[in-house]
2 protein chains.
Amino acid sequence: MPSTIKDVAAHASVSIATVSRTINAPHRVNAETLARVRESIQVLDFTPSALGRQLRGERTRLIGVIVPTLANPVFAESLQGADEAASADGYRLMLMTTEYDTARERAAIETLREQRVDGLIATVADAGANTLLDELDRAELPYVLTHNDTPHRPSVCVDNRRAAREGVHALLARGHRNVTMVAGSFAASDRARLRYQGYADAMQEAGLQPLPAVEIDFNADDVPDSLLAGLVRRGDRPTALFCSNDRLAMVVMHALRRAGIDVPRDMSVLGFDGIPLGELMQPALASIATPNRLIGRTAWRQLAPLLGLAGDAHAPQCTTLPHRFRPGATIAEPDSAQRLHSLSPETPHEHP
Amino acid sequence: MPSTIKDVAAHASVSIATVSRTINAPHRVNAETLARVRESIQVLDFTPSALGRQLRGERTRLIGVIVPTLANPVFAESLQGADEAASADGYRLMLMTTEYDTARERAAIETLREQRVDGLIATVADAGANTLLDELDRAELPYVLTHNDTPHRPSVCVDNRRAAREGVHALLARGHRNVTMVAGSFAASDRARLRYQGYADAMQEAGLQPLPAVEIDFNADDVPDSLLAGLVRRGDRPTALFCSNDRLAMVVMHALRRAGIDVPRDMSVLGFDGIPLGELMQPALASIATPNRLIGRTAWRQLAPLLGLAGDAHAPQCTTLPHRFRPGATIAEPDSAQRLHSLSPETPHEHP
DNA sequence: CTGAAAGCGCTAACAT
DNA sequence: ATGTTAGCGCTTTCAG
């Protein structure tokens, strides 16, 4: 049992109020007394209990953070950003992971509310129609969503649809016509859906028919053979793949290699997220980089005023942060064999 | 302000004791009363405050987790392992990152003690002579170290020295003689030091002189040109690099590429940690894989009995988990030019 | 089966 | 400058 304010008071022969003041308002304590109390605090190894304080005060200086998983560096990064920013303001984080599971989202929010967190920074599966978030609104618990791209709730994210469109456009501009999207399961992520829409936008602008996406489980460490077969089948094999996130892109590339498909010679690959490790690998993964750390930091900045902290009280509810197309060696023009096969009026693109 | 047990009591016209029982011991409440109270709980959207409970009881069911950074997937993974295991037992995690900074370690422990966590799972810079840990001992706050390889404190890790020795041995067995170690700064990690010892062991067993390690800042995203120059200088250029962790290995490989050095043709690279992304990249990163998730899980298992939970009360204080050499295409035999240069009695190794 | 009351550690009036 | 006291939300005897 740690010692309490009472123990210190007794040891220093003062009242508990004086001990409290020694800690919170030293200038209101006589110098000698101050020294004596501090001495006792040392001796007894007293650490004030945040519990007592939190129970008394109207805030806990705790904020809950909910992310799908830390296996995806994207979330690890934005968590870091939020951590840095919140810590600097004296707030502590309580972390919960959901593995993209709605039931776990519910449980996480419940736990966090029990802990009386002052606010929430969360990435949820589906931000649009989400009863959990409605409950938060009703409970008046401030929250900011991260990586959830919705105009209807406080959030910080990139414009996923536009970003995806630009990325796919880059593929098309290099002469690819048969571009297929590989996505984590749509049910588990509104991001994935928006990115698919961006993909479809780009295809249509180029006068091409969007192809159905190949859906893969988010947590998968490998591509099931059945799906892989579809991806590498001869005939109408895609010349480029747009993956809804970098982790997925790497998993897919690994599978392609196993199937004897060389990236980028036989197939180009574009990811999404711009995780640092992607840039280090060979060939460097082309991607649409999102400012993950900044997303976390911004989420805190947006949340802080809602907690009554100093800050821009009239900051926007929704922040759209800039993305950036990150070129990489996983993208090449369709190989010559491929081009020979497709020397038809439909693919009149030029190459240097 | 969330509603309290009093609000519910008033709404249901019972005492707060009955509300408490409804939540914690429903069988001791009359069926009708139970229903009425539950109704009120619903209506008022009552969520019991963990604070009140924690203040009253002798445990908070909170555990603190301290890791250097989440930018290194190793720690993200073991955090996940700990989270899974602890959550299953109804414990919540409070996360703090230190960026390998001792001052931040101190602050983290302070905060966690204030929050009255029941125990700690931590990865610290230096587990041997660490006053912070001594303080924990004195305060009788149970803790388990992860990734800290020390027999003197409760810990879960792999045998870093042996693992490093085996890895370097594998390089030597392929004909490498000039193997250099690249390490994060030794001051910030007892792991790095042990791995260097393992490197030295292997070199000496092969009758070779261990070379001084090249130290690089942990957080670096690139290798400074001055260090890079030393690594790629002609003449006594190493034919193989042993990196003290995978992230570092990837950063180094990236720099080597910039310097026109091809891996593995011109230089082999071996990492440490076995992060999943390493296996996905091309060429696949050879590494010494550590069971990170299991490390986190085991840490919880080892901590639980110390908190008075069910579990093996006589589990070992220190657990050494098995590592595994993970072969990869970043390791090759020294290239032919290199071999021609070194066709001397000292390097009689055969190649297919 | 239910209620009254004490007390967990702390802060903030209010008194002295 | 310091002390006394009420009360934050809850659990837990102890009575009824």
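UniProt annotations may be inferred rather than shown by experiment, and their positions are given here in the numbering used for this structure.

**View 1. The annotated segment of chain A in the predicted model.** An unreviewed UniProt entry carries the annotation "domain: HTH lacI-type", and this annotation covers residues 3–57 of chain A. Over residues 3–57 the chain is 69% helix and 0% strand, with the end C-alpha atoms lying 21 Å apart.

**View 2. Protein surface near DNA strand D.** Of the 24 residues around DNA strand D, those that come nearest are A:Thr33, A:Arg56, B:Ile5, B:Ser49 and B:Arg56. Chain A supplies at least two residues of this surface from each of helix 2 (16–24) and helix 4 (50–56), while in chain B helix 1 (5–12), helix 2 (16–24) and helix 4 (50–56) each do so as well. Helix 2 of chain B gives the most to the surface near the strand, with four residues. Sorted by class, the surface has nine nonpolar, nine polar and six charged residues.

**View 3. Side chains of chain B at the phosphates of DNA strand D.** Where the strand's atoms lie within 4 Å of the protein, 61% of those atoms belong to sugar or phosphate and the rest to bases. In the side chain of B:Ser20, an N or O atom is 2.8 Å from a phosphate oxygen of DNA strand D, and for the side chain of B:Asn24 the corresponding distance to a phosphate oxygen is 3.0 Å. B:Arg53 also has a polar side-chain atom that lies 3.3 Å from a phosphate oxygen of this strand.

Conventions
Residues are numbered from 1 along each chain as its sequence is written. Chains are lettered from A and ligands numbered from 1 in the order in which they are written. This is a predicted model: local features need pLDDT of at least 70, side-chain atom pairs count only at pLDDT 80 or more; totals for chains, interfaces and linings use all residues. Side-chain values use heavy atoms; hydrogens and water are left out. A residue is near a molecule or strand if one of its heavy atoms lies within 4 Å of it. A polar contact is a pair of N or O atoms within 3.5 Å; within protein, one must be able to donate a hydrogen and the other to accept it, and residues adjacent in sequence count only if both atoms are side-chain atoms. Ala, Val, Leu, Ile, Met, Phe, Trp, Tyr, Cys and Pro count as nonpolar, Asp, Glu, Lys and Arg as charged, and the others, Gly among them, as polar.
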